[in-house]
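Please look over the model shown here before reading the numbered points below.

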Amino acid sequence: MRIVVAVALLLSGCVPAASSDRTAAMQAEAVDPAAGPLPVLVTTRELMGGLTAFSAHVIESIATSTVSKAPSEWDAVSLAASDLAAASSLMTMNNDNVVDNMRRSDGHWRLLSKALQDAALEVRTAARARDAAALLAASSDIRQACRSCHAQYRVHGE
Ligand code: HEC
């Protein structure tokens, strides 16, 4: 029965009209600068397993390699550090997950996210200066920042 009604609505043009109104409203909001930043549509878990872990892996594997680094590797480290700095900002923004937002409402979470961001910026500075010793030290600060937060907020794992 429902299908019949839906088909009838479609044929009468009601559904396309309603949805095109909605589309128009969404488009109007999308171009409105006053609407603010786009919503964060990733959970903390996805942010960790994706952008955060990927960029930290790039940094650590190049930082700890004893082989002399090619210009493209320095550039990759620098870009990965920028990614990690951006991920740290995202960590402090609410999404639509209740548990994630409960953690974020705690000021200590922000502090730990900032510690990671600071370490990422140290890495970027070292990579731009082509300074291998500074890079190694900053990379270990990153690892420490991951551990400090996990010790407090992550239920499973390191
Ligand atoms: C501000 C806190 C915080 C920082 C900083 C942080 N993490 Fe996490 N991380 C978490 C929390 C909380 C979880 C558990 C999320 C969940 O399961 O809902 C997590 C989970 C993870 C996971 C598991 C994801 C999965 O799919 O289960 C990985 C991998 C991870 N983090 C990597 C990292 C790395 C690498 C760093 C440092 C570069 C880092 N995290 C820094 C809070 C943090």
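1. How many residues of each class, nonpolar, polar and charged, does the shell around the ligand have? The shell has 12 nonpolar, six polar and two charged residues, where Ala, Val, Leu, Ile, Met, Phe, Trp, Tyr, Cys and Pro count as nonpolar, Asp, Glu, Lys and Arg as charged, and the others, Gly among them, as polar.

2. This is a predicted model, in which local features need pLDDT of at least 70 and side-chain atom pairs count only at pLDDT 80 or more, while totals for chains, interfaces and linings use all residues. Residues are numbered from 1 along each chain as its sequence is written.

3. The protein has seven helices and zero strands, where helices (H or I, at least four residues) and strands (E, at least two) are DSSP runs, numbered from the N terminus.

4. Among the 20 residues around the ligand, those that come nearest are Met48, Gly49, Ala56, Cys146 and Cys149, a residue being near if its C-beta atom, placed from the backbone, lies within 6 Å of the molecule. Two or more residues each are given to this shell by helix H3 (44–63), helix H6 (107–128) and helix H7 (132–153), and the largest share, seven residues, comes from H3.

5. The buried residues of H6 include Leu112, Leu116 and Arg124, where buried means that 20 or more other C-beta atoms lie within 10 Å of the residue's own, exposed 12 or fewer, and partly exposed in between, with C-beta atoms placed from the backbone. These buried residues of H6 pack against H3, helix H4 (71–91) and H7, with contact meaning C-beta atoms, placed from the backbone, within 7 Å.

6. Just after H6, Arg130 takes a positive phi of about 55 degrees.

Conventions. Contact = placed C-beta atoms within 7 Å.
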